[in-house]
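Please look over the structure below before reading my note. The points are short and can be taken in order.

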Amino acid sequence: MNRNPRNIPAYSDGRYPGSYYAASRNEHPEYPTLQDDIQAEVCVVGGGYSGLSAALHLLESGHEVVLLEGARIGWGASGRNGGQIVNGLNASLERIQKAYGQEAADFVGGLVTRGNGIIRRLIADYGIQCDLKEKNLFAAYTEAHMQFLRDKQTLWARYGMNEHEMLDKDAFKQYVNSDVYAGGMIDHSGGHIHPLNLALGEAAAAVRLGARLFEHTLVTEITPEHNSVLVLTEQGSVRAQQVVVCGNAYLDKAVPALRDRIMPASTQIIATEPLGDLAHELIPSDVCVEDVRYILDYYRLSADKRMLFGGGTVYGGTDPADIEAKIRPNMEKVFPQLKDVKVEFAWSGNFALSFSRVPQMGELHPRIKFAHGYSGHGVTGSHLFGQILSDAINGNTAEFDRFKAIPWIPFPGGRAFRVPYSVVGSWWYALRDRFGF
Ligand SMILES: Cc1cc2nc3c(=O)[nH]c(=O)nc-3n(C[C@H](O)[C@H](O)[C@H](O)COP(=O)(O)OP(=O)(O)OC[C@H]3O[C@@H](n4cnc5c(N)ncnc54)[C@H](O)[C@@H]3O)c2cc1C
């Protein structure tokens, strides 16, 4: 049997990127490569939060699960991200209401804090050590940004979310000691984590519940058969009753039908040397922060008091040649106090952008479901979608069907034009950010 009929190139050399997270990850086993032809009730493709959340919820409800990861657990966005637990989806409720109507907004509005709750439950139930800290802060540069946040607070309160508090410039400085902002809004129910250690802890929990995990196992083709689905990998195969595809931005050619629904985009993070007492001076509250611009900065302190500062977006998902040169000036604008500190780690990762910024869920066949496209805000969304996928396999399809019914918008002009179109889009948003309109 040709196990790689489309000649899918491996997208990884099998090692974690040179991130602070990889350097500080908890001890964990290396799971084997699949080298046999095996059977499973459910086969999950992708060892990021979407796949791990789906697997854990399925295992908890009594299913038998095999999970295939092309590189390492948490190798993708889930092990490289800003670690910010932000409630909601990337697309605002207002935007969802305008694009898809009040009913869709009401449906999503009822779910905006559930992903956060799932993360906290998994951390507590499985004793996951991932440096959980409380609260997240939205930073505003202008009065227009402040108004945007006030509107968000009002809108979310309608869905019973009352954890938001507006902060004027002085109140904001109690949380984050920077002069560049006009104020902001704190979400007392948000938080932040060491993202790779969360993924590794979830994988360990799945194994404890009986899952079979395989790393360095690239899926090359997924084919429905008479009473099952055949998942081909480079050296083996899984014949499963149900398949859940969670490869997100890294899936690319392995499932051609999903390729044009999303576009990979990269964003970068730098980690300074440990800052000692300076860390507390900069972020006395130890919260995580993101500003509300379209091309945003996001940052927080690590457990060992480094500044982890992220930003930038490269459409198409390539890595910039010099990440520190790109991100450091942004960090120094917010915190000039960091001018002379050393940057010890710099890395890039891909997230999956959907044209509407609303993540997508659906099925390619009654036995093949997928979720992807969190558009850069997916720590909570991926956990939520994993649970909804599991519910759907358990026969509770109400939420799955609602998301499935949200129309997805292809990138105009097809695949060849996705990057240029989005570059124009980002140029427009960058201009809006710059002139505050
Ligand atoms: C640098 C960065 C910073 C971010 N910061 C934040 C943040 O602070 N807060 C927030 O909410 N969101 C953030 N995000 C987004 C968030 O990390 C993602 O939305 C989320 O992790 C997506 O999880 P996932 O499991 O769907 O995808 P991924 O974590 O990318 O996992 C997909 C997995 O599938 C595997 N895979 C792909 N193809 C195959 C195949 N053919 N065979 C086998 N395995 C395959 C990949 O190796 C990968 O491990 C950030 C993203 C990046 C890149």
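The points below deal with the ligand site and then with the salt bridges.

1. This is a predicted model: local features need pLDDT of at least 70 and side-chain atom pairs count only at pLDDT 80 or more, while totals for chains, interfaces and linings use all residues. Residues are numbered from 1 along each chain as its sequence is written, and side-chain values use heavy atoms, with hydrogens and water left out.

2. The ligand is surrounded by 38 residues, counting a residue if one of its heavy atoms lies within 4 Å of the ligand. Y11, S50, E69, G70 and S78 are the closest. By class, 15 residues of this shell are nonpolar, 21 are polar and two are charged. Here Ala, Val, Leu, Ile, Met, Phe, Trp, Tyr, Cys and Pro count as nonpolar, Asp, Glu, Lys and Arg as charged, and the others, Gly among them, as polar.

3. Domain 1 (1-131 + 193-260 + 357-406) and domain 2 (133-189 + 263-353 + 412-437) both give residues to the shell, so the ligand lies between them. The domain bounds come from an automatic or database domain assignment.

4. Which atoms of E69 and G70 come close to the ligand? For E69, a polar side-chain atom lies 2.6 Å from a ligand oxygen. For G70, a polar backbone atom is 2.8 Å from a ligand nitrogen. Taken alone, the ligand exposes 1,000 Å², and the protein buries 98% of that (areas by the Shrake-Rupley method with a 1.4 Å probe).

5. The salt bridges number 25, each being a side-chain nitrogen of Lys or Arg within 4 Å of a carboxyl oxygen of Asp or Glu. Side chains of opposite charge can pair when their charged atoms come close.

6. Is the D13 and R15 pair buried or exposed? Their closest N and O atoms are 2.8 Å apart. D13 is exposed at 55% relative accessible area, and R15 is exposed at 59% (buried means under 20%, exposed over 50%, partly exposed in between; 1.4 Å probe, protein chains only).

7. R72 forms a salt bridge with E215, with the closest N and O atoms 3.1 Å apart. R72 lies in the loop between β2 (65-68) and β3 (84-85) and E215 in the loop between β7 (212-214) and β8 (219-224), so the pair ties together parts 143 residues apart in sequence (strands are DSSP runs of E, at least two residues, and helices runs of H or I, at least four, numbered from the N terminus). R72 is buried at 6%, and E215 is buried at 0%. E30, R72 and E215 are linked in a network of salt bridges.

Key
Polar contact = N/O pair within 3.5 Å; in protein donor to acceptor, adjacent residues only side chain to side chain.
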